Structure formats: structure tokens, C-alpha cells
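Colleague: I would like to go through a few local features of this model. Please reason each one out before giving the answer.

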Amino acid sequence: MNDKKVKVALIGAGGWGFQHARILRDRNDVEFCAIVGRSLGKTRERANEFGTNYYLSIEEMLQAEKPDIVSLCLPNQDHFEPTLKVIKAGYPLIVEKPLVFKMEEASTLINEAEKRNLFFAINFNHRFARTVKLAKKAIGEGKLGEIIFASWRFGGEGVSDHPFANLIETQCHGFDMLEYLCGPIQSVMAEMTNKTGKGYSTLSLSLKFSNGAVGSFLGTYDSSYMYSGTHHLEINGTKGRILIKDTVREFTYQTAGNEIAEVWSAGYFNDYDRDFHKTFDEHMEVILSAFKNGEHPPVHASCGVRALKLAYAAIESFKKGIRVETL
């Protein structure tokens, strides 16, 4: 597998699917064999744009192309059936977040993939921002000491017919990021509001980590992605503090008691690291490397199950007015 191109098919011809197609077309180690879409005109146009074949049926595509791996990028609430179809056909896969919206569907996908020993990756691409890599390294080197608290805030515009869409489809990044950097979340306590009539589109969580640290978590679809500081992450330890601004914009590390901080931001010609979309390029690089080497995915789909479990713990907390254990 290392010396030959990986044959990849894409299911999804929508907006973020464009990013999948762009990456697959541009990689020298990929044969981008097909796009599957739901409407003939849009799917054919996207396939022509990227010089690949097009289909309106997953089954027909799999039978005709026999890809090495399938990448799926579909509307957030429509992930389950196409994903299960690919798994039952026995193909390794890369899926977008959220994994699904229902815990029973998540369990079905994981169990069916495990039965077939399939490579099953999920795209939590925020982990692959330069800022987050720097944060992970600093924490791993002990530069923060013991983590005492973390604060996550993320959100802009958004609409959905699901009452907890922001929590499940967008804040899954927050759950994944905080556990990736700070360790397991032991319990949650939630408040939410439907003040704008769009479901519970703004939420505030109180977190407790298994290492004794605490956290605050604010997510919303009632703000604007045009605002600076739309995304903010602070991790404070006994020896120092990390700040991440707008995921890809700025990383700051400062030791306790020191007025001088170390700051990373992309330089004048460094368009790559300041481009949010390139976080997926970075993730795809390690996904395909792991796949070619017969290794486990760098971010397994089970991380999507974990994020969904934390979301439902927050919903239970909000509905019952209690703190909910998550481990």
C-alpha cells in the first residue's frame, strides 16, 4: 500500500465536501476515483471540476470503483444510513463530525465496523491546527504543571430543526479538544436557552475533569463568526497558561509570574497555517499515512461516540437540573 496510490471515493458534493475533494485531488498519493451525490446536476458539476467520476448511488459506485477507502461528508443529520451502508459493504472509511445524532446509531456504526475490523476515522480537524499542536506539546512537556482549569467558548450563526444542534454538531469539537488536551471529563452541569426560538442554541456548561481540574464551556448559534475572538480556549496550570485564539490565529504561552509571554501567529507569508481549511489537510496527511501503514486512525470514530455521550450528559443535566457523571 505504501508504494501505490490510495484509491479514494467521496460521498457528498456539498460545501465542506468541496474541501474533501480539493485535498483528494491535490494529493500525489491519492487516486480520486469518484464523487457520489444526491442531485445529478450538482454532482456532475463537482465531479467535472475535480476530474473524477460521478454517481448517484453508493452501491453502484462501490461496485464499479472498488475504492481502498471512502470519505463521507453529508448533511449533519444524514450521516447514519450512508455510513452504515459503506461499513456493511466492508470498506474502510473517514467520516465527518458529528458521528451521528443518536447514541444507538453511534453504537451500531462502531459495532458493525468492529465486526469487520475496519479502519474508521472521524474528522476532528481542530486538533491539527498549529496552535493546538503547540498546546499539546507544551502540556506534554509539563510546561503548565498541573492543569487547574480550562475555558472553552465557540460559536457564531447557525440554524437547525434539531433542538440541540449546536451542542451535538458544533460543540463536539469542544468536548474532543478539552479531553484531548486536559484529560477525561468526569461530570457536567448544564444551562441552556431557547431565547431566540431556534432550539437550545446557546448553552453554558460547568465541567469537572477526572484529574480534579474544572472547566467552563460556552457554545452558541446566537452570535456571529464575524466577531473576532469567536473561538477562545484557555488552559491554566500551576506553572503557566495557554491561550488559543480563533483556532488558527494565535497561540500564547506564559509562565506564572512572568510579564513576558511567548506568542505564535502565522508570519507574513505563512498563509498555510492561518487557513482554517488546512487543518483538514494536516489531518488527512496522518489519516492516509496510518491507513497505508496498517495502523489505527489518528482520531478513531469512537471519539465521535465520546463527544456524543458528553452532549447527551449535558442534555440530561439541563432537563433534570442535576450534575451528570460521564465516565
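Colleague: Where does Lys66 lie?

Modeller: This is a predicted model. Helix 3 comes before Lys66, and strand 4 (69–72) comes after. Lys66 is therefore placed in the loop between helix 3 and strand 4.

Colleague: Is Lys66 buried or exposed?

Modeller: A residue counts as exposed when its relative accessible area is over 50%. Lys66 has a relative accessibility of 54%, so the class is exposed.

Colleague: What is the phi of Lys66?

Modeller: Lys66 is a residue other than glycine, and its phi has a positive value. That phi is near 45°.

Colleague: Asp246 also has a positive phi. Is Asp246 buried or exposed?

Modeller: Asp246, which is not a glycine, has a phi of about 50° and is found in the loop between strand 12 (240–245) and strand 13 (250–255). Buried means under 20% relative accessible area. At 18% relative accessibility, Asp246 is therefore buried.

Colleague: Which peptide bond is cis, with omega near -10°?

Modeller: The bond leads into Pro98, a residue of the loop between strand 5 (93–96) and helix 5 (103–115). The residue on the other side of the bond is Lys97. The cis bond is the one from Lys97 to Pro98.

Colleague: How much accessible area does the nonpolar patch of Leu40, Tyr54 and Leu56 have together?

Modeller: Leu56 sits in the loop between strand 3 (53–55) and helix 3 (58–65). Its relative accessible area is 45%, so Leu56 is partly exposed. With Leu40 and Tyr54, Leu56 forms a surface patch whose accessible area is about 260 Å².

Technical notes:
Residues are numbered from 1 along each chain as its sequence is written. This is a predicted model: local features need pLDDT of at least 70, side-chain atom pairs count only at pLDDT 80 or more; totals for chains, interfaces and linings use all residues. Side-chain values use heavy atoms; hydrogens and water are left out. Patches are made of residues with over 30% relative accessible area and no salt bridge: like charges are joined within 9 Å, nonpolar side chains (Val, Leu, Ile, Met, Phe, Trp, Tyr) within 5 Å. Accessible areas come from the Shrake-Rupley method with a 1.4 Å probe; for residues, only the protein chains shown count as cover. A salt bridge is a side-chain nitrogen of Lys or Arg within 4 Å of a carboxyl oxygen of Asp or Glu. Helices (H or I, at least four residues) and strands (E, at least two) are DSSP runs, numbered from the N terminus. Buried means under 20% relative accessible area, exposed over 50%, partly exposed in between (1.4 Å probe, protein chains only).
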